[in-house]
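Here is a short report for a first look at this structure. Keep the model in view while reading.

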Amino acid sequence: LAALLGDLTEDLAMRSNDAIGALLNASFGNATELIVSIFALRNNMYDVIKSSLIGSILGNMMLVLGSSFLVVGLRNANINSGVGFNLRASQYYCSLLLLACMGMIIPSVMFVAYPNHEQVNTLAASRQISVIMILAYVLYIVFTL
């Protein structure tokens, strides 16, 4: 399923411009994780959902982004080469990565810090953080297109 969706987004990206292709790849590239999460949620398999999300974040954002930074940095070690990073795009990606990491860390810290769970509602905080993360992603899409 992942390969089929990957081929589909690649074909659509070839027929459109770079910005639309990147948007399609970013939006539908993780559709398999979404499908797995929906089925796991229906079967009350919350650990599977957490593991899938953490793996997706680590694999896609940290590994891919970090690898691209490393390759471009090694390839263009000469400062005067004229090739480098788009500073604004790098700031966007790093900000979204920080937001995603904080969105995963804050509910976990709340869960550990308040063991009796009567003082704080971790589930409500997690839902509010997810709404903020979705809003940030939509705003990122709007402002980059």
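## A serine in the last helix

Ser 130 lies in helix α6. Helices here are DSSP runs of H or I with at least four residues, while strands are runs of E with at least two, and both are numbered from the N terminus. At 33% relative accessibility, Ser 130 counts as partly exposed. Buried means under 20% relative accessible area, exposed means over 50%, and partly exposed falls in between, with a 1.4 Å probe and protein chains only. Ser 130 has a spatial partner in Gly 103: their C-alpha atoms are 7.2 Å apart, although 27 residues separate them in sequence.

## How the model was made and read

This is a predicted model, in which local features need pLDDT of at least 70, side-chain atom pairs count only at pLDDT 80 or more, and totals for chains, interfaces and linings use all residues. Residues are numbered from 1 along each chain as its sequence is written, and side-chain values use heavy atoms, with hydrogens and water left out.

The pLDDT is the predictor's confidence in each residue, from 0 to 100. The protein chain averages 78. A score of at least 70 is reached by 89% of the residues. Where is confidence lowest, and where is it highest? The low is helix α2 (residues 18-28), with a mean of 73. The high is α6, at 85.

## Overall build

The protein chain has six helices and zero strands. Read from the N terminus, the order is α-α-α-α-α-α. The chain has 145 residues, and 18% of them are buried.

## Contacts across the chain

Ala 31 belongs to helix α3 (residues 31-42). Its relative accessibility is 15%, so Ala 31 counts as buried. The C-alpha atom of Ala 31 is 7.7 Å from that of Leu 5, and the two residues are 26 apart along the chain.

Gly 55 sits in helix α4. Gly 55 is partly exposed, at 38% relative accessibility. Gly 55 and Glu 33 are 22 residues apart in sequence, and their C-alpha atoms are 9.5 Å apart in space.

## A positive phi in a loop

Asn 44 is not a glycine, yet it has a positive phi of about 55°. Asn 44 is placed in the loop between α3 and α4 (46-75). Is Asn 44 buried or exposed? Asn 44 counts as exposed, because its relative accessibility is 53%.

## One aromatic pair

The structure holds one aromatic pair. The rings of Tyr 92 and Tyr 140 have centres 6.0 Å apart and planes at 75°, so this pair is edge-to-face. Rings of Phe, Tyr and Trp (its six-membered ring) pair if their centres lie within 6.5 Å; planes under 30 degrees apart are stacked, over 60 edge-to-face, and the rest tilted.

The pair links distant parts of the chain. Tyr 92 is in helix α5 (residues 87-113) and Tyr 140 in helix α6, 48 residues apart. Tyr 92 is partly exposed at 32% relative accessibility. Tyr 140 is partly exposed too, at 21%.

## A nonpolar patch

Which residues make the nonpolar surface patch? They are Ile 134, Leu 135, Tyr 137, Val 138, Leu 139, Val 142 and Phe 143, and the patch covers about 690 Å². Patch residues have over 30% relative accessible area and no salt bridge; like charges are joined within 9 Å, nonpolar side chains (Val, Leu, Ile, Met, Phe, Trp, Tyr) within 5 Å. A salt bridge is a side-chain nitrogen of Lys or Arg within 4 Å of a carboxyl oxygen of Asp or Glu. Areas come from the Shrake-Rupley method with a 1.4 Å probe; for residues, only the protein chains shown count as cover.

Tyr 137 lies in helix α6 (residues 122-144). Tyr 137 is partly exposed, with a relative accessible area of 31%.

## Cysteines

The structure holds zero disulfides. A disulfide would be a pair of cysteine sulfur atoms within 2.5 Å. Cys 94 is partly exposed at 37% relative accessibility. Cys 101 is partly exposed as well, at 24%.
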